[in-house]
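Have the model open in your viewer and your selection tool ready. We will go from stop to stop, with a note on what to select at each.

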Amino acid sequence: MSVWESIPSDLPAGVLQLENQVAGHTAAQGCLGLLKTTGDGTILKPTGKVLCGIREIAFYERLEEARKRNDDKPVEDLWTVLCRVVPRYFGHPKLTIDGTEVEFIELEDLTEGLVWPCIMDVKIGRRTWDPLATPEKRKAEENKYKACRQRFGLCIPGFQLYSVRDGGTLIRHGKDYGKKLTEDNIRDAFLLYLNATEDGRVSRTLLDQLLHDLYLIRDWARKQTNFRLYSSSVLLVYDAAQLEDKPAAEENRSEPQRERLTNSNGTLLTARARMIDFAHAFPTESCEVDTVDENYLQGVDSLVEIFEQFLATGQVH
């Protein structure tokens, strides 16, 4: 992975630093970080280490083959199901950044057109190190976010929200906040992210839309036996401006933005959950053939259960 002492000063034309990155390797940590294209509605993710880049590109390439094969057909297999909950892939271009050639993975920008984009990165899995990890790497990973990972099979390395109660004030939390979360307070983190009211109630529509996607992800995880996903995340995205004043939020969008965000029923899509980060997607080992990825499934189950509990306990409006 290339090390950058500061935000690159010589980005190609039409490319900017992504201001909405909430987790992962960032410019503030001495890494290049995510970039975005202007006008194309895509982001550029540096491939990083060679083997990680090869694995992630291969995963997206296979997924894109399934997407093209089934564009006009009913959902037929687990790959086409996966297409519905993974950002669209647009290839792996190489760009010159401050004199260094860098390979990127170009993906759909899930925040495109959102007025107040609220984003949470939920890393899935009790175990986050892959089969090739060194003993030192395994030990380091095992000590990260230990309370949440052992209990729920997930952790929250970062998120941002625009607080409706505070007139759209931007609130950001990173790794330090996530490391303090335990079984006792992790639900508070989700309530904060979901813009809960002062008495702890969340928009039912927002929960329903996120759960719609999370159910697809969970159903996929309950059936797929080909891969083991390590250090993969579910990205939660919604527009807080719609929670405050939906008509006003729509007025702030251009017509192309409204078209991209509207489904076939004419309903403005407020929230999405998408699977991201496949640099550590490994084929199932021979001793585990025909078994599901319990490590990944535990985290998705926990995420669904937390959101379902908000509904079951009447914490909605």
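Start by selecting Ser-231, which is buried at a relative accessible area of 17%; buried here means under 20% relative accessible area, with a 1.4 Å probe and protein chains only. Ser-231 sits in the loop between strand E9 (227-229) and E10. Its phi is positive, about 55°, although Ser-231 is not a glycine. Helices (H or I, at least four residues) and strands (E, at least two) are DSSP runs, numbered from the N terminus.

A word on what you are looking at: this is a predicted model, in which local features need pLDDT of at least 70 and side-chain atom pairs count only at pLDDT 80 or more, while totals for chains, interfaces and linings use all residues. Residues are numbered from 1 along each chain as its sequence is written, and side-chain values use heavy atoms, with hydrogens and water left out.

Now zoom out to the whole chain. You should find eleven helices and twelve strands. Of the 317 residues, 51% are buried.

Next, select helix H6 (residues 186-193). Its buried residues are Ile-186, Ala-189, Phe-190, Leu-191 and Tyr-193. Show what covers them, and you will meet strand E6 (117-124), helix H4 (146-152) and strand E10 (232-239), among others. Step just past H6 to Asn-195, in the loop between H6 and H7. Asn-195 is another residue other than glycine with a positive phi, near 60°, and it is buried, with a relative accessible area of 12%.

Carry on to helix H7 (residues 204-223) and add helix H11 (residues 294-312): their axes come within 10 Å and cross at roughly 155°. The axes are lines fitted to C-alpha atoms over the stretch in contact, with angles from 0 to 180 degrees between N-to-C directions. H7 is therefore roughly antiparallel to H11, a term for angles over 145 degrees. Among the residues making the contact (heavy atoms within 4.5 Å) are Leu-207, Leu-214 and Trp-220 of H7 and Val-300, Phe-307 and Leu-311 of H11. The residues of this contact divide into 16 nonpolar, no polar and six charged. Ala, Val, Leu, Ile, Met, Phe, Trp, Tyr, Cys and Pro count as nonpolar, Asp, Glu, Lys and Arg as charged, and the others, Gly among them, as polar.

For the last stop, pick Thr-47, in the loop between strand E3 (42-46) and helix H1 (50-69). Is Thr-47 buried or exposed? Thr-47 is buried, at 12% relative accessible area. Leaving aside residues up to four places away in sequence, Thr-47 touches Cys-52, Gly-53, Ile-57, Glu-103, Phe-104 and Ile-105.

Key. Buried < 20%, exposed > 50% of the residue type's maximum accessible area, 1.4 Å probe, protein only. Parallel < 35°, antiparallel > 145°, perpendicular 65-115°, else oblique.
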